[in-house]
Amino acid sequence: VFSPDGKLIASASWDKTARIWNVSTGQLVHVLKGHSDSVSACAFSADGKLIASASWDKKLRIWDMATGRQIGVLQGHFDCVCCCAFSPDSKLIASGGHDNTVRIWDTATAQQIHVFEGHSGWIDSCVFSPDGKL
């Protein structure tokens with residue numbers, strides 16, 4: 001996934017890391033280590049200051065893009081997490097996974113705000129509307 005300014009790209013891997021690359025130079029900027037299982041998805045915040053990573057370890061992690069350091073762990077899914085997305089104002093993160101739920105998290109506190117249930121299968125994608133109301 002590309003950063004909002006298009007200068008960086010993030011990759012998620014079965015090697016339990018997410019990596020951030022400079023698009024122009026191809027240079028590796030950060031290796032984000034902390035997950036205990038495969039990383040399935042990444043998402044940049046709208047301002048490009050944060051990145052979230054989703055993993056088969058049932059957790060999301062929030063990383064500071066300036067330093068590459070982990071600043072939060074979001075726990076609540078009962079199975080692997082397959083997708084994540086920041087709201088347009090970066091105050092919320094949505095996640096979905098193999099527990100058939102979509103969860104909404106407060107970015108600042110890493111607290112779960114809401115759980116959406118009803119799917120009878122895995123959640124592969126989640127996204128906020130452009131105005132952040134949906």
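**Exercise 1. Strand pairing.** How many bridges join strand 2 to strand 3, and in which direction do the strands run?

*Solution.* The model is predicted: local features need pLDDT of at least 70, side-chain atom pairs count only at pLDDT 80 or more, and totals for chains, interfaces and linings use all residues. Residues are numbered from 1 along each chain as its sequence is written, and side-chain values use heavy atoms, with hydrogens and water left out.

Step 1. Strands are DSSP runs of E with at least two residues, and helices are runs of H or I with at least four, numbered from the N terminus. Two strands pair if DSSP finds at least two bridges between them.

Step 2. Strand 2 and strand 3 (residues 28-33) are joined by five bridges and run antiparallel. Ala18, for instance, has Leu32 in strand 3 as its bridge partner.

Step 3. The hairpin of these strands has five residues between them, and there Gly26 adopts a positive phi near 80°.

**Exercise 2. The surroundings of Thr17.** Determine whether Thr17 is buried or exposed, and list its side-chain polar contacts with Asp15 and Arg19.

*Solution.* Step 1. Thr17 is found in strand 2. Buried means under 20% relative accessible area, exposed over 50%, and partly exposed in between (1.4 Å probe, protein chains only). Thr17 has 6% and is therefore buried.

Step 2. A polar contact is a pair of N or O atoms within 3.5 Å; within protein, one must be able to donate a hydrogen and the other to accept it, and residues adjacent in sequence count only if both atoms are side-chain atoms. The side chain of Thr17 makes such contacts with that of Asp15 at 2.6 Å and with that of Arg19 at 3.4 Å.

Step 3. With contact defined as heavy atoms within 4.5 Å, and neighbours within four places in sequence left aside, Thr17 touches Ser11, Ala12, Val31, Leu32, Lys33 and Val39.

**Exercise 3. Salt bridges.** Identify the salt bridges and state the accessibility of their residues.

*Solution.* Step 1. The criterion is a side-chain nitrogen of Lys or Arg within 4 Å of a carboxyl oxygen of Asp or Glu. Three salt bridges result.

Step 2. Arg19 pairs with Asp15, the closest N and O atoms being 3.6 Å apart. Arg19 is partly exposed at 24% relative accessibility, and Asp15 is partly exposed at 39%.

Step 3. For Asp57 and Arg61 the closest N and O atoms are 4.0 Å apart, and both residues are buried. Asp99 and Arg103 form a salt bridge at 3.3 Å, N to O; Asp99 and Arg103 are buried as well.

**Exercise 4. Aromatic rings.** Which rings pair, and with what geometry?

*Solution.* Step 1. Rings of Phe, Tyr and Trp (its six-membered ring) pair if their centres lie within 6.5 Å; planes under 30 degrees apart count as stacked, over 60 as edge-to-face and the rest as tilted. The count is one aromatic pair.

Step 2. Trp14 and Trp56 form this tilted pair, 5.4 Å centre to centre with 50° between the planes. The pair connects distant parts of the chain, 42 residues apart: Trp14 lies in the loop between strand 1 (8-12) and strand 2 (17-22), and Trp56 in the loop between strand 5 (50-55) and strand 6 (59-64).

Step 3. Trp14 is exposed at 63% relative accessibility, whereas Trp56 is partly exposed at 34%.

**Exercise 5. Cysteines.** Explain why Cys80 and Cys126 form no disulfide with their closest cysteine sulfurs.

*Solution.* Step 1. A disulfide requires two cysteine sulfur atoms within 2.5 Å. The structure holds zero disulfides.

Step 2. The cysteine sulfur closest to that of Cys80 belongs to Cys82, at 4.2 Å, which is too far for a bond. For Cys126 the closest is in Cys83, at 3.5 Å, also too far for a bond.
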